Amino acid sequence: MRNHYLYITLLAMLGFTPESLAQKQIGQAPRLVVNITIDQLRSDYLEAYAPLYCENGFKRLLAQGLVYPNASYNFQPVDRASSVASVATGTSPYYHGIVGLEWFNKETLRSQNCVRDKQFGYSPLFLGTSTIGDEMKIASKGTALVFSFAPFADAAILSAGHAADGVAWANDTHWSTSAYYQPISSWLSASTRLFATDQDVNKSVTDLALKCVEQAGIGLDDKTDLINITYTPGTELLEAYMNIDKQLAVLVQGVENRLGRDRVLFVLTSTGYSNEEEETENEKYRIPTGKLNLTRTANLLNMYLGAVYGSAHYVEACYKNHIYLNRKWLDQKNINVGEALKRSQEFLLQISGIRNVYTSDQLLTGENYVLAKIRNGFNVEKSGDLIIDAAPGWKIINEETGESSLSRAGYVAFPIIFYGANIKAERVLTPVTADRIAPTIAKSIRIRAPNACSSEPLF
């Protein structure tokens, strides 16, 4: 026992505590996490354009980082909003609630943008779980700094979460923010008024992120801070990848010059979808294709249910590939909802261009692997009663909303890259999913993962 006290006394004389010594033994957490999401980035294009990159952008991250080139999302369909929310929360839309950029609001019977609300204009109101930034705030008792910058309001807000210190997104000529995030940092308030967005929006995002590192007190204490960044591609693929490569080089070099490579963890991934238009190519090369008019399909379904149960307004609305039944009317007529869904499914499967139809009951109770990705993309409050899966190459058209989407079942891999913070360079070809990014960051900075995240860290 006497030796134990002598040991503690010696540590104190040398300026150590047992806690600080333990931290040194397991390594220090990074001062800053830079979480970068690149809209529609693909592994095949990333590697194809590799000879054209500069030394300090993609080329450095691919050579010196921990690279997972075969990543995907564990749900479908995927778009920018649902993917950004999933990276931040470590879970799927089934739990975090962001099923897409927009969805059909069952109360107002109108489309609802994922970050628009009546009180603040823009906020994370519909994001139903905590994010990695929120957990950093909780773990640090509010002292960790969390910022987010993007070309789009949805990407900026959903990656930031509920408790961020500052969020900004680029409009045509200036930066915008939301009154939800109060108080607005003085430097950010000045920047949104004076710092015009460049014609190159990715450059503007980089510039504002570096300004944040310089002026917001980022990385000055032992509490890990977070900056979320989103880059967007242009219309020309080669130019887009080269432009983002240049901005990555400026960003990485600027942050490292200020904080040092070993004290910063860079995380890079993709939104995991593609907006490439294939309809004309399908027709040109006689690839099977067609058009599925969802409005007409819903009307046919309403006529069929009328023939079964008696004439009435059974289909309340259709949106994207979702059909919403009038559940109040079904209850009033004492019609079993499960039976109506089953009959509807059987009827819709007979229509040309429909490969499959999933019912809400099926997705809420089904546990098999085939349903897993569909279920993960489903949310009971926002999704329809019937979800139509069109045949590959077919285009779903909604006459009422003017929307159209092309069905494609093919898998397109994207990368997840970790760089800095003493991470060893390695290329891991094992397929992984993007919901594992948040728990990996959490483990790296020694905090708990977001509250709906059940995925394992990647390392």
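In the predicted model, Ile416 is in contact with Leu66, Val67, Tyr68, Ala71, Leu268, Thr269, Val432, Thr433, Ala434, Ile437 and Leu458, when residues up to four places away in sequence are left out of the count. Ile416 belongs to the largest nonpolar core, which has 48 residues. Within this core, Ile416 is one of six residues that touch the most other members, together with Tyr68, Ile98, Leu158, Val167 and Phe418. Helix 8, spanning residues 153-160, supplies the largest share of the core, namely six residues. Another core, of 43 residues, lies apart from it and includes Trp175, Leu188, Cys212 and Leu251. In soluble globular proteins, nonpolar side chains tend to be buried together.

Nonpolar side chains also occur at the surface. Leu52, Leu238 and Met242 form a nonpolar patch there, and their accessible area together is about 230 Å². Of these residues, Leu52 is located in the loop that runs between helix 3 (43-48) and helix 4 (58-64). The relative accessible area of Leu52 is 45%, so this residue is classed as partly exposed. That value is also over the 30% required of patch members.

Backbone geometry was examined next. Most residues other than glycine have a negative phi, and most peptide bonds are trans. Departures from both tendencies are found in loops of the model, as described below.

A cis peptide bond, with omega of about 0°, links Gln76 to Pro77. Pro77 sits in the loop between strand 2 (66-72) and helix 5 (80-89). A cis peptide bond also joins Gln182 and Pro183, here with omega of about -5°. The loop that contains Pro183 connects strand 9 (175-176) and helix 9 (186-194).

Positive phi values occur at Gln40 and Leu109, neither of which is a glycine. For Gln40, phi is about 65°, and the residue is placed in the loop between strand 1 (32-38) and helix 3. Gln40 counts as buried because its relative accessibility is 18%, and the limit for this class is under 20%. For Leu109, phi is about 60°. This residue lies in the loop between strand 3 (102-105) and strand 4 (110-113). With a relative accessible area of 43%, Leu109 is partly exposed, whereas Gln40 is buried.

Notes. Residues are numbered from 1 along each chain as its sequence is written. This is a predicted model: local features need pLDDT of at least 70, side-chain atom pairs count only at pLDDT 80 or more; totals for chains, interfaces and linings use all residues. Side-chain values use heavy atoms; hydrogens and water are left out. Patches are made of residues with over 30% relative accessible area and no salt bridge: like charges are joined within 9 Å, nonpolar side chains (Val, Leu, Ile, Met, Phe, Trp, Tyr) within 5 Å. Accessible areas come from the Shrake-Rupley method with a 1.4 Å probe; for residues, only the protein chains shown count as cover. A salt bridge is a side-chain nitrogen of Lys or Arg within 4 Å of a carboxyl oxygen of Asp or Glu. Helices (H or I, at least four residues) and strands (E, at least two) are DSSP runs, numbered from the N terminus. Buried means under 20% relative accessible area, exposed over 50%, partly exposed in between (1.4 Å probe, protein chains only). A nonpolar core is a set of buried Ala, Val, Leu, Ile, Met, Phe, Trp, Tyr and Cys residues joined through side-chain atoms within 4.5 Å. Contact means heavy atoms within 4.5 Å.
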